[in-house]
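Hello,

Here is the structure I promised to pass on to you. Please open it alongside this email, and then read on for what turned up.

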Amino acid sequence: MVSAEPDAPIFSRLKGAKGELSFTVRLSANSRESKFFGMLRPSFPDIVVPDGAGQLLVQQTKLWEEEVCHQRRGLPKVTVTQLAGHFAEGEGRIEISAINRHIGVLVPPDELTPGIKLDPGSDSFGLFYAFRAQTRNSRLNVDVKIYPIDCFL
């Protein structure tokens, strides 16, 4: 899910504007039965900036699911590493390009802070653990939920 903070610049100038967002998620899920490491790059065109902060820019979307039942090895390691996109056209256009901080590189203008732990919860899909990545200047949030699903070997 992608949301915006109440003080996000898109709300002050771009209510109702159209845009697009994409982000990169690094995922590592390893067990004896299954080994997965990769970069997921979902893209969301045709986003409309809502009237207020209580509404999502991108609804909950499944990005990845383990294909093999395996012994419990803990949760996969998930990190949002980049958020990019734009809203509106012409003079009022806002570009979003947020990345993680890296050792030996200048701090990016719109730093993406990954790994903000949110409270666990449950919804119609079941129990979940949630993490947030937040951009410093554009004030956008990418929330990632992990649903542990028991299987029987």
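Phenylalanine 87 stands opposite isoleucine 94 in S6, and that pair is a good place to start looking. Please keep in mind that this is a predicted model. The two strands here, S5 and S6, pair in the antiparallel sense over 6 bridges. Their hairpin has 6 residues between the strands, and alanine 88 there takes a positive phi near 70°.

Now follow S6 along its length. Ile94, Ile96 and Ala98 make up its covered face, while Glu95, Ser97 and Ile99 make up the uncovered one. The general rule behind such a pattern is that side chains in a regular strand alternate between the two faces of the sheet.

Next, the interior. The largest nonpolar core has 29 residues, and Phe87 is among those with the most contacts inside it, together with Ile10, Leu21 and Leu57. At least two residues of this core come from each of these elements: helix H1 (9-13) and strands S1 (2-4), S2 (18-30), S4 (43-48), S5 (77-87), S6 (94-99) and S9 (140-146). S2 gives the most, with 4 residues.

Leucine 21 is worth a closer look. Leaving aside residues up to four places away in sequence, leucine 21 touches Val2, Ser43, Phe44, Ile47, Leu57, Leu83, Ala84, Gly85, Phe87, Ile96 and Leu140.

On the outside, there is a nonpolar surface patch of about 260 Å², made by Leu75, Leu127 and Tyr129. Leucine 127 is found in strand S8 (residues 126-135). Is leucine 127 buried or partly exposed? Its relative accessible area is 46%, so leucine 127 counts as partly exposed, since buried would mean under 20% and exposed over 50%.

Finally, the overall picture. The protein has 1 helix and 9 strands, and along the sequence they follow the pattern β-α-β-β-β-β-β-β-β-β. Its C-alpha atoms fill a box of roughly 60 × 40 × 25 Å along the principal axes. Of the 153 residues, 36% are buried. The protein exposes about 9,500 Å², and carbon and sulfur atoms supply 52% of that area. Among contacts between residues at least 6 apart in sequence, 57% join residues at least 24 apart.

Happy exploring, and do write back with any questions.

Best wishes

How values were computed: Residues numbered from 1 in each chain as written. Predicted model: local features only at pLDDT ≥ 70, side-chain atom pairs only at ≥ 80, totals over all residues. Heavy atoms only, no water. Core = buried A, V, L, I, M, F, W, Y, C linked by side-chain atoms within 4.5 Å. Buried < 20%, exposed > 50% of the residue type's maximum accessible area, 1.4 Å probe, protein only. Contact = heavy atoms within 4.5 Å. Patch = residues over 30% accessible without salt bridge, like charges linked within 9 Å, V, L, I, M, F, W, Y side chains within 5 Å. Areas by Shrake-Rupley, 256 points an atom, 1.4 Å probe, with all protein chains shown as cover. Salt bridge = Lys/Arg side-chain N within 4 Å of Asp/Glu carboxyl O. Pairing = 2+ DSSP bridges.
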